Amino acid sequence: MFELYDYSLSDLLLFSRETYLRLLGRYNADMWPSQIAMMILGGTLIGLVRSSKLTSDRVISVLLAAIWLWVAYGFHIERYATIQIAAKTFAVMFIIQAILLVLIGVIGVRIHFSLSGGLINRTGLGLVCLGVFVYPLAGWAAGREWGQVELFALMPDPTVVATFGFLLMTGPRPNGLLLIIPVLWTVVSGALSWEMGAYESLLAPATALLTVSLSLVQYMQSVSK
Amino acid sequence: MQIDRRTLIASLASMSACAALPFSIGRAATLPLITRSIPKTGEQLPVIGMGSSVTFNVGDDPELRDNRTDVLRSFFEAGGGLIDSSPMYGSSEEVIGYGLKRLGPQKKSFAATKVWTQGGAGPAQMENSRKLWNVDRFDLLQIHNLVSWQDHLETLLEMKAQNKLRYIGVTTSHGRRHRDLIEIMKTQPVDFVQFTYNLLNRRAERDLLPLARERKIAVIINRPFRRGALFDRFANHPLPSWASEFDCSNWAQFFLKFIISHSSVTCAIPATTRVDHMHENMGAARGRLPSPAQRKRMIQYVAEL
Ligand SMILES: NC(=O)c1ccc[n+]([C@@H]2O[C@H](COP(=O)([O-])OP(=O)(O)OC[C@H]3O[C@@H](n4cnc5c(N)ncnc54)[C@H](OP(=O)(O)O)[C@@H]3O)[C@@H](O)[C@H]2O)c1
């Protein structure tokens, strides 16, 4: 029906940067002070990775799933859908990711997080810190007001960046199924950010590229062993 | 006091800007509004309407909603009529409805939206749009980007026969689905057609505009500013002094008067978020229009910038 060739990227960006940033501002104001709680949650998740226990693996997966679910509902459905006609589709993507995290990490117990200290593992830790603590600064540095920055567990991009980090801290390599939706999201969000001129948001696609490359390296290493 | 060349030029420029100012907000408003007739009925429509994609998609933000209501108010105050929207534009229809409710009934309002879904879902979508706009019926319903056009056309013809809408249209933009559009214009009983035409995109002059005239189809021009790109490209250049010969005092009017001076064009629908821009845009609907020779000069001028 909707032949995609009939539309350019700009046809699909149907709101202005101002409208988008004001939406973030109102969302952050309504959620305050949960931003602080979410940063503490991020720090707690890192602590759980350090403990390297089977139960903590499950707890991390279930908490990550809950965070993806919240972003699907609290951001995509409740907020973004008021200006973005594709937001409900994005919400479905995020819900599927939450289900995958539960199926693979909680029921299947097939995700094991650890702080092994290797280069890729440390990069993972770096990405988690980037998503949880540094990401808001990127928006601020690009000229946004403090109230309009994006935060882990509340907004998609920093959540996806931190998720990449957690997945890079799993061995022997990240579960490929869990990478699909986050990577797809960064393609969509990167394209829209580019069109909107929100170049600071290109950080998320850059981390996707890094994560996919490192996962490939891990895959090659495991094949050659 | 010494006056150097730069100061002199700057003073002359600001004097001429001041001279132009009263025209744009003073004299222009007293000149008669230019209207064009809808070929199938002879009904008159102001040559400048209003688009709403992006600009009116502000969600539930109360401050932005009120600001857009101000834009809408200034549109009507300046004599505007046709408002164009679509279910594709997120919350735009709802925000227009909010504005129309706050402003109260507007005699000149000409409500135009689109249907943009698969065939079977068309009637429900159109009814939803009607509720969002707060109108009894639409003046014009258009098939957006020719999506499922055969199915929708059947529904629209039925609705028109039952007096549930006044006119039927089809839309495209940027020259997409050009051949299909021509075929529809040649064979189907549509009252309006909407496509892109501006100083940098003149392809429609070759076939769409002459065909619309021949088939007595009213023409709405979308993307008159190329989504604002015309300003990015030309607005830092001086407006030629001869633009005042056809009553243009800013670039917006220069771009718009080029479009509406084509005799096959019924209405252009610029979109804006700003009341001052709305005044400029509506100013294009008054005063003299460029002659064919002046149109050529306009094309040449921007080509050389
Ligand atoms: N297939 C279709 O059916 C289709 C496709 C495309 C468009 N359309 C319709 O056509 C309408 C117009 O097209 P568009 O919205 O894409 O783009 P447009 O009207 O060509 O340009 C809008 C841009 O121009 C700027 N602008 C407006 N007046 C100005 C002024 N006086 N001075 C400086 N800048 C000014 C606006 O910014 P400010 O807010 O700052 O003024 C906005 O960024 C749409 O809103 C939609 O209703 C239909």
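# Exercises on the pockets and cavities of a predicted model

By class, nine nonpolar, three polar and three charged residues line the largest cavity. The model behind this count is predicted.

**Exercise 1.** Find the cavities, then describe the largest cavity and its lining.

*Solution.*
- Step 1. Search the whole structure. Four cavities of 30 Å³ or more turn up.
- Step 2. Take the volume. The largest cavity has about 130 Å³.
- Step 3. Look at its centre. The lining has 15 residues, and the closest to the centre are Tyr20(A), Tyr80(A), Trp185(A), Ser189(A) and Ser193(A).
- Step 4. Sort the lining by element. Helix H7 (156-168) and H8 of chain A each give two or more residues.
- Step 5. Find the largest share. H8(A) supplies it, with five residues.

**Exercise 2.** Describe the largest pocket: its volume, its lining and the elements that build it.

*Solution.*
- Step 1. Take the volume. The largest pocket has about 1100 Å³.
- Step 2. Go to the centre. Of 47 lining residues, Val54(B), Thr55(B), Arg227(B), Gly228(B) and Ala271(B) are the closest to it.
- Step 3. List the elements that give two or more residues. Chain A offers helix H2 (17-31) and helix H8 (176-196); chain B offers helix H9 (251-260) and helix H10 (275-283).
- Step 4. Pick the top contributor. H10(B) gives the most, with three residues.
- Step 5. Split the lining by class. There are 17 nonpolar, 19 polar and eleven charged residues.

**Exercise 3.** Where does the ligand sit, and which residues are the closest to the ligand?

*Solution.*
- Step 1. Place the ligand. The largest pocket holds the ligand.
- Step 2. Collect the shell. It has 30 residues, with Asp84(B), Phe225(B), Thr272(B), Thr273(B) and His277(B) the closest.
- Step 3. Name the leading element. H10(B) gives the most to this shell, with three residues.
- Step 4. Sort by class. The shell has eight nonpolar, 15 polar and seven charged residues.

**Exercise 4.** Work out which polar protein atoms lie by oxygen atoms of the ligand, and how much of the ligand is buried.

*Solution.*
- Step 1. Start with a side chain. A polar side-chain atom of Asp84(B) is 2.6 Å from a ligand oxygen atom.
- Step 2. Turn to the backbone. A polar backbone atom of Ala271(B) lies 3.0 Å from an oxygen atom of the ligand. For Gly228(B), a polar backbone atom lies 3.4 Å from a ligand oxygen atom.
- Step 3. Check the burial. Alone, the ligand exposes 900 Å², and the protein buries 87% of that.

How values were computed
Residues numbered from 1 in each chain as written. Chains lettered and ligands numbered in written order. Predicted model: local features only at pLDDT ≥ 70, side-chain atom pairs only at ≥ 80, totals over all residues. Heavy atoms only, no water. 1 Å grid on protein atoms, 1.4 Å probe; cavity = no way out; pocket = protein on both sides within 12 Å on 5 of 7 lines; lining within 4 Å. Points joined across faces, edges and corners; volume = space filled by probe spheres on them. Helix = DSSP H or I, 4+ residues; strand = E, 2+ residues; numbered from the N terminus. Nonpolar A, V, L, I, M, F, W, Y, C, P; charged D, E, K, R; others polar. Near = heavy atom within 4 Å. Polar contact = N/O pair within 3.5 Å; in protein donor to acceptor, adjacent residues only side chain to side chain. Areas by Shrake-Rupley, 256 points an atom, 1.4 Å probe, with all protein chains shown as cover. Sits in = over half its atoms within 2 Å of the grid points.
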